[in-house]
Structures are given as C-alpha cells and as structure tokens.
Amino acid sequence: MTSQRSVLVTGASTGIGAACVSRLDQLGYRVFAGVRKPEDGDRLRSAGSDRIVPIRLDVTRSDEIAAAARTLDEAVGPAGLGGLVNNAGIAIGGPIEYLGVEAVRLQFEVNVFGLLAVTQALLPAIRRARGRIINIGSIAGRSVSPFVVPYCMSKYAVEALTDGLRLELAGTRIEVAVVEPGAVKTPIWDKGLDSLGDATRTLPPIAHERYGAKLKFFGKLLRYNDERGVPPEQVVDAVLHALEADRPRTRYLVGRDARIRAFLGRILPDRAGDALLLSVLARLERRLA
Ligand SMILES: NC(=O)c1ccc[n+]([C@@H]2O[C@H](COP(=O)([O-])OP(=O)(O)OC[C@H]3O[C@@H](n4cnc5c(N)ncnc54)[C@H](OP(=O)(O)O)[C@@H]3O)[C@@H](O)[C@H]2O)c1
C-alpha cells in the first residue's frame, strides 16, 4: 500500500469489521472505525491501541457521511487515505413474493447506496494516497439462494459497482477489490433469523400456506450456516492481501463453500445449477427436520 497506513472500516462494531479493526491495529495501521453507537467505538478502543479512531458513521445518513469525510480529511491531510473497507451490511430475508418493497429498499440503502455514498465521499482522500477500496461482497453476489433474495440482489450490485469502479479508476493506481466470503461466523446470522422471523410474522395466511414450511427450514439453515461458518479472521486475510499486495486480486473468494459455489456457477447451466441447489437443500431439510 502506498502512503500513510490509514484505513477506514465501516460497520466496525462486530463480526468481520471488528476483526479487521483489530488485525489492522495490531499491524500498526491507523484505523478509523465506523460505528453507529459510541459505546461500540469505546469498546474497540479499549480492546486495541489508541491508533484506533472511532467515527460515527451510519452509511445511510448523508450528514454522518459528510461529517466523517471532513474528520478523515483533516486527520490524514495531504497523505490521504490508504484504504477503505466497505464492510457495513445487513441481511434481509423472506419470500420475495410477499416481502414489502420497502424491505428491499432498506437492504439496498445499507449494502449498496451506503457503500457508494461513502466511497464517493472518500475518493478525494483515497486519490491523494493512491489507496485501495475493498468492498465486502459475498458469494451471494454470484450465486442466489432462495429466501435471502434481497441480500443476494444487493451483493450482485456490489459486484457490479466494484467492477465499474475498477474500470473507471484504471490508470489512477487506485486498486478496487471485492471480497466474497461464504458462511462466516458472525452476529449477522442471528440478525438474519430475526429478520426472517419479522417477515414471517407479517405474512398473510396464504403466504404461510405457500411458504411456511420452507421458511421454518430456512430458519434452521441459518443456524446451521452460522455453526459451520469460518472465523472472520479468514476474511481479514483476504482484506489484508487486497490492501497490501503489489498485485492485489480483483476478487477474493473466502471459504470452501464459496469456492465450490463459484466453481459450480461457472460450469453448470442455470437449470442444472437450480436442480443441484434444490436437491442439496432438500437433503439438508431432511437432515435438519
Ligand atoms: N457473516 C457472513 O457469513 C458473511 C458472508 C459474506 C459476506 N458478509 C458480509 O460481511 C459484512 C459484515 O457482516 P458480518 O457478518 O460481520 O455481520 P455483523 O457482525 O452483523 O456486522 C455488520 C456491521 O454492519 C453494521 N451496520 C449495519 N447497518 C449499518 C448502517 N446503516 N450503517 C453503518 N453500519 C451498519 C453493523 O453495525 P451495528 O452493530 O450498529 O448494527 C455491524 O457493525 C456484511 O457486508 C456482510 O454482508 C458476511
């Protein structure tokens, strides 16, 4: 990475974001940790060094984005910002036939528009450092699973945004990469269960008839994925490579499940892919019954 070793991580309170903050801090980076609640910033700071600078940053709030960009600009000065890890994200689930468009909009507000707005606001500082932009996407951005379709839609958009930025910034020496984890053990699974529960409670009776059993299984599947997820540190390894390597990759698959799904997505025609996924899900449904 060129220039001063300063990095902003959004969504730093828990999970992958917190793990990024911790490792980058240990490696001597000056880490700006985007959090929504001051107590999360205090917790990160007390667990690490005083190089950690918590920054209040709800990525859906333009006032907080502007204030964070000003604070960062002053703090890094002419050296600029060496890295931006766009990590903040939520996962909204439920049957797409009955999910309110507002729920899908919220999904995009955080995972896509928030990521874009933060990137735009920080690009002047990133340009000065010829820094790196690392978007935390997901294997869900290449391969869709049922009942988490809004999440998959948002992660497909993150893939397109990453590729587009990389193309438009070609020649600036700013590198742009997307990290595509499979299941990672973080609080997102519990939150996903809550979201699925909320969606299920507000469904009309006909939707329960049509999807009730499947939704129950998907709740169990979230729990199962949580238990089998890789530790967030594996995602941090990819983030570090994207930040530090002389020739960073454009995409980083993390976890065996992500690599298998990406491979199958490349070789299987749609209907064969559907059939395989549905048969794996049916087998899991029997196992988790
Ligand atoms: N866990 C996985 O299996 C997995 C797999 C692939 C990709 N990912 C991606 O990894 C990223 C991090 O997720 P995680 O698994 O570490 O889950 P997590 O522990 O739930 O972390 C999500 C982070 O995003 C923050 N956030 C949510 N809404 C926000 C908003 N409006 N503005 C700013 N921050 C916001 C949360 O802050 P609060 O605490 O304030 O809510 C939290 O810090 C996400 O983009 C997710 O899609 C996760």
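A residue is taken as buried when its relative accessible area is under 20%. By this criterion E64 counts as buried in the present model, which is a predicted one, because its relative accessibility is 11%. E64 is found in helix α3, and, once its neighbours within four places in sequence are left aside, its contacts are with R56, L57 and D58.

At the level of the whole chain, the secondary structure comes to ten helices and seven strands. For a chain of 289 residues, a compact globule would be expected to have a radius of gyration near 19 Å, and the value computed for the protein chain, 19 Å, agrees with this expectation. The C-alpha trace spans about 60 × 40 × 30 Å along its principal axes. Of the 289 residues, 48% count as buried, while the accessible surface of the protein chain comes to about 14,100 Å², with 54% of that area belonging to carbon and sulfur atoms. When contacts between residues at least 6 apart in sequence are considered, 71% of them join residues at least 24 apart. The chain carries 40 positive and 32 negative charges, and the mean positions of these two sets are 5 Å apart.

The segment that precedes helix α3 was examined through V59, which is placed in the loop between β3 (residues 53-56) and α3 (residues 62-76). Although V59 is located in a loop, it counts as buried because its relative accessibility is 9%, a value that falls under the 20% cut-off. Beyond the residues within four places in sequence, V59 is in contact with T10, I65, A88, V110, G114 and V118. One of these partners, T10, is 49 residues apart from V59 in sequence, yet the C-alpha atoms of the two residues are 7.9 Å apart in space.

Two cysteines were considered next. C20 counts as buried because its relative accessibility is 1%, and C152 likewise counts as buried because its relative accessibility is 2%. A disulfide is a covalent bond between the sulfur atoms of two cysteines. With a cut-off of 2.5 Å between cysteine sulfur atoms, the count comes to zero disulfides. C152 is placed in helix α5, which covers residues 149-168, and, when residues up to four places away in sequence are not counted, C152 touches A140, G141, S143, V144 and S145. The C-alpha atoms of C152 and G137, residues that lie 15 apart along the chain, are separated by 9.6 Å.

Backbone geometry was then inspected for positive phi values in residues other than glycine, among them R130 and F147. R130, with phi near 50°, lies in the loop between α4 (residues 101-129) and β5 (residues 132-136), and it counts as partly exposed because its relative accessibility is 41%, which lies between the limits of 20% and 50%. F147, with a positive phi of about 70°, is placed in the loop between β5 and α5. In contrast to the partly exposed R130, F147 is buried, because its relative accessible area is 11%. Strand β5 therefore borders both of the loops in question, the one that holds R130 and the one that holds F147.

Definitions and conventions: Residues are numbered from 1 along each chain as its sequence is written. This is a predicted model: local features need pLDDT of at least 70, side-chain atom pairs count only at pLDDT 80 or more; totals for chains, interfaces and linings use all residues. Side-chain values use heavy atoms; hydrogens and water are left out. Helices (H or I, at least four residues) and strands (E, at least two) are DSSP runs, numbered from the N terminus. Buried means under 20% relative accessible area, exposed over 50%, partly exposed in between (1.4 Å probe, protein chains only). Contact means heavy atoms within 4.5 Å. The radius of gyration is taken over C-alpha atoms; the globule rule is 2.2 Å times the number of residues to the power 0.38. Accessible areas come from the Shrake-Rupley method with a 1.4 Å probe; for residues, only the protein chains shown count as cover. Lys and Arg count as positive and Asp and Glu as negative; His and the chain ends are not counted. The place of a charge is taken as NZ of Lys, CZ of Arg, CG of Asp or CD of Glu.
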